[in-house]
Amino acid sequence: MTAADPRYPLDLVGVGIGPANLALAALADDQPDLRTAWYEQRPEFRWHAGMLIEGTTLQVPFLADLVTLADPTNPWSFLNYLRHQGRLFPFYLSERFHCPRAEYDDYCRWVSEQLSSLHFHHRVDTVKWNAQHEVFDIDLTPLAAGGESPAIARVHARNLAVGIGTAPHVPEPLRPLIDAEATAPVIHASDYLEHRSRLLAAGHITVIGGGQSGAEVFLDLLRRRSSGAERLHWISRSPAFSPMEYSKLGLEHFTPDYTRYFRELSEPVRDQLLRDQWQLYRAVDQETLGEIHDELYRRTVTHGWPDAVLSPGVAVRTAGRVGAHQLELHLDHQPGGGRSRLLTNAVVLATGYRERPLNSLLAGLDADLGRDAAGRPLVDEDYRLSLGPKIGGSVFVLNAERHTHGVGAPDLGLIAHRAATIVNALSGEPRYRLPDRSAFTTFGAPVQQPVGAEPERRDPGGFPGTLPPPRSIPV
């Protein structure tokens, strides 16, 4: 594969094909004047394959697909997917608002298989700015089915969209447990389904982590263990197995309005808010908590109290292996204090994910990258990295901006809006009409109207504009 001519660059190259970049690719596909290409090292689209547990549903409504909240007429919508699969009427009659998680994965794969701009089995290695041609040089390696291909390719683009997602996180005290060859399995929840049978064969299983993944894994294991012989332990650092904030006004934190407000706050205030808002994104939905309680109660009817321990307010201080088949966890109990030791035969780490660092991929741009006081990249309102004046192109980031854009950054409900914002920024015009207002909540101090001023009128969709005066209605 030979290098492309830098004199004829692409308008946009995407690195990584997860839901965020797939949404951008889907909206860009409707813009014939934008030349784009997207690269992903995996052989096909997969979305959290290890957590597609039977019966689990998406935590956002089906309208939070790749395109609908920016363009309901787009052919890559979830409803159009259902039509093509012959399931539109069954879905309608099922009265579902939250689709099965496995169906969302299949929907995204359906889109990915039809967009010609997507290239799987390609690993992006380096990105550099070519000052002579004012383009980004992107070196990538096509991956053969059996591993690496010796051929190196180079493409050129005026702009980049980096959506490399998150990676499974293992807290420092638990890292001594990681040993792929050991008999006693220690599995991150991201790989749960692949290793479920191995986990179920263990005598005693401990699930660490009190968020949605931990709850779903615990419930699935509970349902698959015999009554009276469950031998399960679920621990969490959180003070309680708390329900996720899912009120309608609470969900307005996942709107463009809140994103705009969050961006205007100072860095210390933003960081504190993210810590305080853990119930918006790190808790468990009420339905799952109810199903766990129902399953535990059902077992008490015929077999007495189940052999399952649920322990909130517990942190793992140290951990290690004891022989070939046992794991030892040293626990700190809060807020009452105290310590204990737990011996178990298998551990599931439902300890979440962390944003993949951009440093290695964008090492060639590091000297020109603006950073905040904590060393994190600065990201503007259009999801662009702050780059020095020597670099004329833009690097957009997707799901790497929670520190600047708030809790909605990784949320599926905002991926279409973010993608449309980027398309508008690329084209220099509002190709996609985005709402000026999206929440009933007023975040921050309201804008004061001058005394006697006529309030701004808006059309019913919340877009600024000129509307006719209200009709005079006889009394």
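This passage describes the aromatic pairs and nonpolar cores of a predicted model. Residues are numbered from 1 along each chain as its sequence is written, and side-chain values use heavy atoms, with hydrogens and water left out. Because the model is predicted, local features need pLDDT of at least 70 and side-chain atom pairs count only at pLDDT 80 or more, whereas totals for chains, interfaces and linings use all residues.

Rings of Phe, Tyr and Trp (its six-membered ring) were paired if their centres lie within 6.5 Å, with planes under 30 degrees apart counted as stacked, over 60 as edge-to-face and the rest as tilted; by this rule there are 19 aromatic pairs. In one of them, the ring centres of phenylalanine 78 and phenylalanine 91 lie 5.5 Å apart with planes at 70 degrees, so the pair is edge-to-face. Phenylalanine 78 belongs to helix 2 (residues 78-85) and phenylalanine 91 to helix 3 (residues 88-94), 13 residues apart, where helices are DSSP runs of H or I with at least four residues, numbered from the N terminus. Phenylalanine 78 is buried (under 20% relative accessible area, 1.4 Å probe, protein chains only), at 1%, and phenylalanine 91 is likewise buried, at 9%.

The largest nonpolar core (buried Ala, Val, Leu, Ile, Met, Phe, Trp, Tyr and Cys residues joined through side-chain atoms within 4.5 Å) holds 47 residues, of which Leu22, Leu24, Leu66, Tyr104 and Tyr107 touch the most other members. Helix 1 gives the most to this core, with seven residues. A second, separate core of 28 residues includes Tyr39, Val127, Leu358 and Val379.

Terms used
Helix = DSSP H or I, 4+ residues; strand = E, 2+ residues; numbered from the N terminus. Buried < 20%, exposed > 50% of the residue type's maximum accessible area, 1.4 Å probe, protein only.
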